[in-house]
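Welcome, and please open the model in your viewer. We will walk through it stop by stop, selecting a few residues each time.

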Amino acid sequence: MTELLTETVIQEPQRIRGLEMPWNRVMGSTDAPARAARALGPWHPQEFMAECVETVPEAGGLMTFVFRRCDGAPLAFRAGQYVNIAFPVNGEDQDPVDRSYSLSSSPTEPWTFSISVKRDSTGLVSPWVHENVKPGTVLDMLGPVGAFHLPDADRRARYLFLAAGAGITPIMSMVRTIHSLPGHADVVVLYHGAEAGGFAFHQELAYIASVDSRVKVFYSLGDRSKPEGWEGLSGRLTAAMLDQVAPDANGRQVYACGPEGYLNTAAELLKKVGVDDTSIYMEFFSGDRKTLLEYQAEIALATDIAEEIAEELADSAEDYYESQPSAFGLYEPGYDAEGNPKASGLPLEAVDPDAPASDGSSGVGPEAVSPDASSFDTVGTGSLTLSFIRTGINARIDPDEHILGVAQRAGVRIGANCKEGMCGSCKVVKLSGEVEMNHQGGIRAREIEAGKFLPCCSTAQTDLVIDA
């Protein structure tokens, strides 16, 4: 039997040309089933609750958390996108802390989805996630979000994926997606890590590369010394290394994810080997380098669409089921008063983050009495006034200035991390006045309705009174 297996010649499979995502043809269809599928498409970000169903330890200090939506619907997304999650780090009675994590699973298996979180001992959220998120944990999410993703259809499908450290997470989603789809593709993955045993998903990547001739995977240890028996590359990213793994890089679409320094180097080297800027897509871990033009369109729409999609989903699905002959006996899901599908699985018990406090109050009471801001000292120059009630100071501001910077110069203490509207760490309550906010997914629609805003990405349109 062993000889027979050894002598067997396995021919390459015959494939269709290029890659096409499963939902791509739905976009142009007018049939009733397609209308129902269109309501579940990845171009519709939603607010939803999700339950953790599995945790998987990974190499390199990562942990994969597998979720399913509590309403029973699939999570449709594009490979490379992320979700914004509210973590009750400070307790259920305090405001959650929002963080965005790339989806590491494939959208071709949408009934569960995964994020992979690297533990940072100095961080606020990732240690809490590793220690507290377990099967049964229910979290509030917004997504999918992000412009860093594979195209819906690609006739050539020739890619170079560059990843460093935890930057492998969205790249893993792309590799898993391509492996699951039919069609011609040519994929090269170059994965930089700090130590030989620290490459997350290395076993799965090795398996995919062994059974799928379309995918080749290379590893590099960066500038660390090579341990005995190491067969991969070593050294930081160079033009010579790019030529070694992908001598035709200038004919590929390049997707790169990792720390800022790594991606800055990658951008320079890719130009040296002839890759055009229009073929380079990057996902920066640090928010200060995210390109607003790249992400603003999809993320700005996320919270606006989230409230509308529930009704569209219900209407589209109901139209589809009503159009079928009754003899088919198709299952038709139930819907709640807001149009969300009712789950028919095991019951879940979750704490409602919007529930009023036990004393019947809602936290920020509209009846609260604010001090008279006219007695505050005023600092700075500008045509408008920011009145910070807790700090007891007025700051002058012009309409083109971001509120966070003016507040910090005035001595107002507001926590801030990314400073581009993604993390939500600077969230404060606006008691009166109007702002223009261009956020990147760091705040939810119901929070905006409650008067909250992100001063890092907001400008004043009128005089403002702020609870800070």
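Start with the whole chain in cartoon view: it has ten helices and 21 strands. Keep in mind throughout that this is a predicted model. Now colour by accessibility: of the 468 residues in the chain, 48% are buried. If you turn on contacts, take those between residues at least 6 apart in sequence; 67% of them join residues at least 24 apart.

**Stop 1: a pair of helices**

Select residues 168–180, which form helix H4, and residues 202–211, which form helix H5. How far apart are the axes of H4 and H5, and at what angle do the helices pack? The axes are 11 Å apart, and the packing angle is about 30°. Angles under 35 degrees count as roughly parallel, so H4 and H5 are roughly parallel to each other. Look along the pair and you will find that H4 passes H5 in a left-handed crossing.

Next, show side chains where the two helices meet. From H4, display Ile168, Met172, Val175, Arg176 and His179; their partners in H5 are Glu204, Leu205, Ile208 and Val211. By type, the residues of this contact between H4 and H5 comprise six nonpolar, one polar and two charged.

**Stop 2: just before H5**

Step back to Phe201, in the loop between strand E10 (186–192) and H5. Check its backbone: phi of Phe201 is near 65°, a positive value in a residue other than glycine. Phe201 is also buried, as its relative accessibility is 5%.

**Stop 3: another positive phi**

Now select Ala157, in the loop between strand E8 (153–154) and strand E9 (158–164). Ala157 is not a glycine, yet its phi is positive, at about 50°. Is Ala157 buried or exposed? With 0% relative accessibility, Ala157 counts as buried.

**Stop 4: a cis peptide bond**

Move to Gly143 and Pro144 and inspect the bond between them. The peptide bond joining Gly143 and Pro144 is cis, with omega about 5°. Pro144 belongs to strand E7, which spans residues 138–145. As background for these backbone stops, most residues other than glycine have a negative phi, and most peptide bonds are trans.

**Stop 5: Lys118 and its neighbours**

Select Lys118, which you will find in strand E6 (residues 113–118). Lys118 is partly exposed, its relative accessible area being 42%. Which residues does Lys118 touch, leaving aside those up to four places away in sequence? Lys118 is in contact with Gly60, Gly61, Leu62, Ser126, His130 and Ala166. Add Thr64 to the view as well: Lys118 and Thr64 are 54 residues apart along the chain, and their C-alpha atoms are separated by 8.9 Å.

**Stop 6: the cysteines**

Finish by selecting the cysteines. How many disulfides does the structure hold? There are zero. Zoom in on Cys426 and Cys456 to see a case in point. The cysteine sulfur closest to that of Cys426 is in Cys456, at 3.6 Å. A disulfide needs the two sulfur atoms within 2.5 Å, so the sulfur of Cys456 is too far from that of Cys426 for a bond. Cys426 is buried, with 4% relative accessibility. Cys52 makes a good last selection: Cys52 is buried too, with a relative accessible area of 1%.

Definitions and conventions: Residues numbered from 1 in each chain as written. Predicted model: local features only at pLDDT ≥ 70, side-chain atom pairs only at ≥ 80, totals over all residues. Heavy atoms only, no water. Axes fitted to C-alpha atoms, helices over the stretch in contact; angles between N-to-C directions. Helix = DSSP H or I, 4+ residues; strand = E, 2+ residues; numbered from the N terminus. Parallel < 35°, antiparallel > 145°, perpendicular 65-115°, else oblique. Left-handed = near helix turned anticlockwise from the far one by under 90°. Contact = heavy atoms within 4.5 Å. Nonpolar A, V, L, I, M, F, W, Y, C, P; charged D, E, K, R; others polar. Buried < 20%, exposed > 50% of the residue type's maximum accessible area, 1.4 Å probe, protein only.
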